[in-house]
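Open the model in your viewer and keep the selection panel at hand. The tour below goes from one selection to the next.

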Amino acid sequence: MDLKLDPSRDDLPLMANTNHILVKHYVLDLNVDFESQIIEGSIVLFFESGNRFEKQSGSTKETCQSESSEACRFRMPEPCHSPGTDTRTFSPKTGYNDFTICVKGEKDTSGKDGNHDNPEQACGISSSTYCCDTGNHRNEEFLLVLDCCDLSVLKVEEVDVAAVPGIEKFTKSPKLTVVSEELRNQIVHELVTLPADRWREQLDYYAGCSQAPGCGELLFDTDTWSLQIRKTGTQTATDFPHAIRIWYSTKPQGRSVTWTSDQSGRPCVYTIGSPINNRALFPCQEPPVAMSTWQATVRAAASFVVLMSGENSAKPTQLQEGCTSWHYYVTMPMPASTFTIAVGSWTEMKPELCSSKDLAAERSLSPSETDSRYVGICGHVEYPCRFQNLSATTQEIIPHRVFAPLCLQDACQETLLHLIPPCLSAAHSVLGTHPFSRLDILIVPANFPSLGMASPHIIFLSQSVLTGTSHLCGTRLCHEIAHAWFGLAIGARDWTEEWLSEGFATHLEDVFWAAAQQLAPHEAQEQQELKACLRWLRLQDEVRNSPQEMQVLRPNKEKTGHVSDSGSSVIKHGLNPEKVFMQVHYLKDFLQLLLENIPEEKRLGLSVENIFRDWLESSGIPQPLQRERQAGAECGLARQVSAEVEKWIRVNRRPRKRKRREAEEVFEKLLPDQLILLLEHLLEQKTLTARTLHSLEKTYHLPQQDAEVRHRWCELIVKHKYTKAYKDVERFLQEDQAMGVYLYGELMLGEDARQQQVARRCFELTKEQMDRSSAEVVAEMLL
């Protein structure tokens, strides 16, 4: 990290020194306390370092030159009173006053939570060594830097993995007599490098090691974006303890978790995939190159269900009265940002009928189920890979569960449950083996800031997809299923490039949805052309109404993937609240144009450099796309919409009293995407009468349509001040928060007192539960 870096409001630093040492496995042991809105417990990190880390670290020995002496102040372990070393006994009711984290020789001014959280403290860390003057001069020492934010770190200690029964099998000695740092690190090295077919044994030993006693506290400090840990006298990553335990608690205002209520008014908490990802849930290595596995035990009151990224369909274990424990694990190495958790009073929604064929197709395949007939060799690191298992290749529909608040049971039955098997089967027919062995789908609370989010083994869907016909639900489900391949199994090495996952997922949602509907080829082509038309209009609108720098898909240009010597980097626009609402990464999709619409002789002139320049590193709409869209003929479904638009324009021009011989207009039945296009075109009309709007509402039953259609309907209501339907706008702003932010702006821009009153009233009703980024953007609009 550049020592002069002063991250602005828009850029987000990734501080972890991943070039020197990598986390290979996390073991989380957590308690969820809804009364205090805190998740607390411990996390054990297992590291691996190697020659490639040492070579890089050896040539970059630098010292920290911060103007603030605070950054060089480490908490010393000697005078501390700390929690017990057995993670199973850590109580969620433990008070913070029970732990005193002190700075040797100085008065503790950091507050009860043991965090400074002082942005002026942030010190650029660009090497494997760190030199601090704390009163006595030491040799340069290795500093472990983890990404961390909004956490109260209570204690950091080395784990005595040599104390685990049977662990001597990972050493050269049949009996452990003298235990040294080198021996402990050797044990961890042997453990993290076990072959894939010993995954179960590996997980068991990880669990055993995570419960081992501590063997010495480590010095640590925190700043706004990182947790910094060192051990006195340790000068290289190789010598640093390879298994450490961090005792910590989250903060209610932490940006990685949302404490809220579900649609039934019951308390719940979930991770939101915010720009800061999971660093306010647990200390971790955030860069996408830091691939790791994890296992987690989470305890909560017995009335709650714990869902998580995990290969196993966890069932609760009863502990003391009123408390249950849930355990999940993964064996595929993934970035820490993909870890997801949701705890609430969810009810499992089961289909009313389940055929024997479905049951056969959904037979669960454990990672341990090996098949002697491998279908190929992958290029990734070794793990129990489904792509190499012939049995998994034939599994069209993976086992899946659906969870939601009980009040949404009917909506799930009517809209979602019957769509999952055909959508999973469609994805398999296009891309083959599902990367993950099982899937949970959760309908998240109303304040969820998008229509969906995919994580390993779990998908979050907004309640907005459950209204209207099955079209929006099906397309969004297909989009999130596509992320299992693009975004999860295959991901970007730089978090600034969302287009790599969103572009492919957007392209594939059309392909999957057409297959799920079993459309004839010409029908699928027509629907995809209609969708392309809608995306074109949306892209044009975004280009007109957003800053140019936010339209660039590859904002770091030639420095994409660039990191400092330590491995730290910066996410461009990572903290900009407007980024969440940008659609350009979904819409600036050139795949279909490149592969299908541009003739081969034109494609031959394209180069990687041209694609980077025109499509990824420039704002606006690339010229080739503009030319092709202007020259392209309107598809049949779009032409049908154009004819309907002309009818409505005629209706709108007619006087209130019509001549008797004038025939009533007969309107065609339209598909949901056609309805959206119709309303998009009508939004271009300068005036629409209240009579026309009322007729529109009755003809298409607009308040009962899906959220995409209702969004355009609300835009029409606001534009033409159709007061009779303001109730539809209010309902949308409260129930469809994933899409409603733009409407607040429309209500305020018209400078109509009644519309502004609607905006302010709805914001007052929802702001306490609203997603933080959404609330910030709306608050600015209302000023």
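In which sense do strand β13 and β18 pair, and over how many bridges? Strand β13 (residues 267-271) pairs with β18 in the antiparallel sense over two bridges. Two strands count as paired if DSSP finds at least two bridges between them. Helices (H or I, at least four residues) and strands (E, at least two) are DSSP runs, numbered from the N terminus.

Before going on, note that this is a predicted model, in which local features need pLDDT of at least 70 and side-chain atom pairs count only at pLDDT 80 or more, while totals for chains, interfaces and linings use all residues. Residues are numbered from 1 along each chain as its sequence is written, and side-chain values use heavy atoms, with hydrogens and water left out.

**Strand β18**

Select residues 341-344, which form β18. I341 and V343 point one way from the strand, A342 and G344 the other way, and all are buried. Buried means under 20% relative accessible area, exposed over 50%, and partly exposed in between (1.4 Å probe, protein chains only). Now add V269, whose bridge partner in β18 is V343. Strand β15 (residues 305-308) also pairs with β18 in the antiparallel sense, over four bridges. There V306 stands opposite V343.

**The open sheet**

Next, select β6, β10 and β9, an open sheet of three strands in the order β6-β10-β9 with antiparallel pairing. The edge strands are β6 (144-147) and β9 (219-222), each of which pairs on one side only. From one strand to the next the twist averages 20°. Four bridges join β6 to β10 (residues 226-230), and the two run antiparallel. One place to zoom in is D147, which stands opposite S226 in β10.

**The cores**

Which residues touch the most other members of the largest nonpolar core? Select Y26, I229, I244, I246, F282, L416 and L678, which do so among its 160 residues. A nonpolar core is a set of buried Ala, Val, Leu, Ile, Met, Phe, Trp, Tyr and Cys residues joined through side-chain atoms within 4.5 Å. A second, separate core has 23 residues, including V27, V164, V188 and Y329.

Return to I246 and show its contacts (heavy atoms within 4.5 Å). Leaving aside neighbours within four places in sequence, I246 is in contact with residues including I43, L45, L146, V153, L227, I229 and P283.

**T297 and W648**

Is T297 buried or exposed? T297 counts as buried, because its relative accessibility is 19%. T297 is found in strand β14 (residues 291-301). Not counting residues up to four places away in sequence, T297 touches L28, D29, L30, S325, W326 and H327.

Move to W648 in helix α16 (residues 636-653). W648 is buried, with a relative accessible area of 1%. Beyond its neighbours within four places in sequence, the contacts of W648 include F667, L678, L682 and Y700. W648 and F667 are 19 residues apart in sequence and 9.0 Å apart in space, C-alpha to C-alpha.

**Helices α22 and α23**

Last, select α22 (residues 753-766) and α23 (residues 772-782), whose axes come within 11 Å and cross at roughly 150°. Axes are lines fitted to C-alpha atoms, for helices over the stretch in contact, and angles run from 0 to 180 degrees between N-to-C directions. The two helices are therefore roughly antiparallel to each other, a label for angles over 145 degrees. A759, R760 and F763 of α22 make the contact with A775, V778, A779 and L782 of α23.

Technical notes: Angles under 35 degrees count as roughly parallel, over 145 as roughly antiparallel, 65 to 115 as roughly perpendicular and the rest as oblique.
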